[in-house]
Amino acid sequence: MEELASLLEATDAASANRLLVVNGPNINMLGVREPKIYGRKTYADLVRLCRKAAREAGFSECRCFQSNHEGDLVDVIQAAYGEFDGIVINPAAYTHTSVALLDALKSVALPTIEVHISKVDEREDFRQVSYVRAACFETIVGMGLDGYRKAIKDMAAYLREHKGAEKN
């Protein structure tokens, strides 16, 4: 009987969704960088928020990754293929410049939500363009770190809806 219980637990864990949260340049400087725009909470606070929100939304894993280097971000997105069920991404400054991130997201074809802490649509003209948006089913802006919580909840709902549709 114990073997059956542990097998069922393993099956439940295997069927639970896994989430990757990707953050681009300078997100590691949260709490220090322009606190009037980005707030006083730190990157460690953001990671805690994401992991808690993911647990509450039913994800079995929430892996958070941050890099200031475009190639590292491309590498982690590519490595997500077959390992994760969805991606939440704040490409930060690469939002406005990186075709490489767009191509990586399109390559893995995982459901993706774009998040921005600030109201990028109310900032400088160059911030009005988002290359990665073309690979995302939703974009969340201007909610501070709570935008990540919303993105995680929305991703969980999206995966429930679409995985259920695949089984029918």
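Is Ala109 buried or exposed in this predicted model? Ala109 is exposed, because its relative accessible area of 62% is over the 50% cut-off.

**Figure 1. Overview of the predicted chain.** The model shown in every panel is predicted. The chain contains six helices and five strands. Along the sequence these elements come in the order α-β-α-α-β-α-β-α-β-β-α. Of the 168 residues in the chain, 45% are buried. Among contacts with a separation of 6 or more, 74% are between residues 24 or more positions apart.

**Figure 2. Two alanines with positive phi, Ala92 and Ala109.** Ala92 has a phi of about 55° and is not a glycine. Ala92 sits in the loop between S3 and helix H5 (99–108). With a relative accessible area of 12%, Ala92 is buried. Ala109 also has a positive phi, near 55°, and is likewise a residue other than glycine. The position of Ala109 is in the loop between H5 and S4. Ala109 is exposed, at 62% relative accessibility.

**Figure 3. The largest pocket and its lining.** The volume of the largest pocket is about 150 Å³. Its lining comprises 14 residues, and those closest to the pocket centre are Arg33, Tyr38, Ala92, Ala93 and Arg127. Sorted by class, the lining has six nonpolar, five polar and three charged residues. Ala92, one of the residues closest to the centre, is the alanine with positive phi shown in Figure 2.

**Figure 4. Surroundings of His116 in strand S4.** Strand S4 spans residues 112–116 and includes His116. His116 is buried, because its relative accessible area of 4% is under the 20% cut-off. The side chains of His116 and Glu114 are joined by a polar contact of 2.7 Å. Beyond residues up to four places away in sequence, His116 touches Asn90, Pro91, Thr95, Arg133, Ile140, Val141, Gly142 and Met143.

**Figure 5. Polar contacts of Asp85 with Arg18 and Lys163.** Asp85 lies in the loop between helix H4 (70–79) and strand S3 (86–90). A polar atom of the Asp85 side chain is 2.7 Å from the backbone nitrogen of Arg18. The side chains of Asp85 and Lys163 make a polar contact at 3.0 Å. With neighbours within four places in sequence set aside, the residues in contact with Asp85 are Ala16, Asn17, Arg18, Leu110, Pro111, Leu159 and Lys163.

**Figure 6. The aromatic pair of Phe137 and Tyr158.** The structure has one aromatic pair. The ring centres of Phe137 and Tyr158 are 4.0 Å apart and the ring planes meet at 15°, so the pair counts as stacked. The pair links distant parts of the chain, with Phe137 in the loop between S4 and strand S5 (138–141) and Tyr158 in helix H6, 21 residues apart. Phe137 is partly exposed, with a relative accessible area of 33%. Tyr158 is also partly exposed, at 24% relative accessibility.

**Figure 7. Ala157 in helix H6.** Helix H6 covers residues 146–167, and Ala157 is part of this helix. Ala157 is partly exposed, with a relative accessible area of 33%. The C-alpha atom of Ala157 is 10.0 Å from that of Gly58, while the two residues are 99 residues apart along the chain.

Note on methods:
Residues numbered from 1 in each chain as written. Predicted model: local features only at pLDDT ≥ 70, side-chain atom pairs only at ≥ 80, totals over all residues. Heavy atoms only, no water. Helix = DSSP H or I, 4+ residues; strand = E, 2+ residues; numbered from the N terminus. Buried < 20%, exposed > 50% of the residue type's maximum accessible area, 1.4 Å probe, protein only. Polar contact = N/O pair within 3.5 Å; in protein donor to acceptor, adjacent residues only side chain to side chain. Contact = heavy atoms within 4.5 Å. 1 Å grid on protein atoms, 1.4 Å probe; cavity = no way out; pocket = protein on both sides within 12 Å on 5 of 7 lines; lining within 4 Å. Points joined across faces, edges and corners; volume = space filled by probe spheres on them. Nonpolar A, V, L, I, M, F, W, Y, C, P; charged D, E, K, R; others polar. Phe/Tyr/Trp six-rings, centres within 6.5 Å; stacked < 30°, edge-to-face > 60°.
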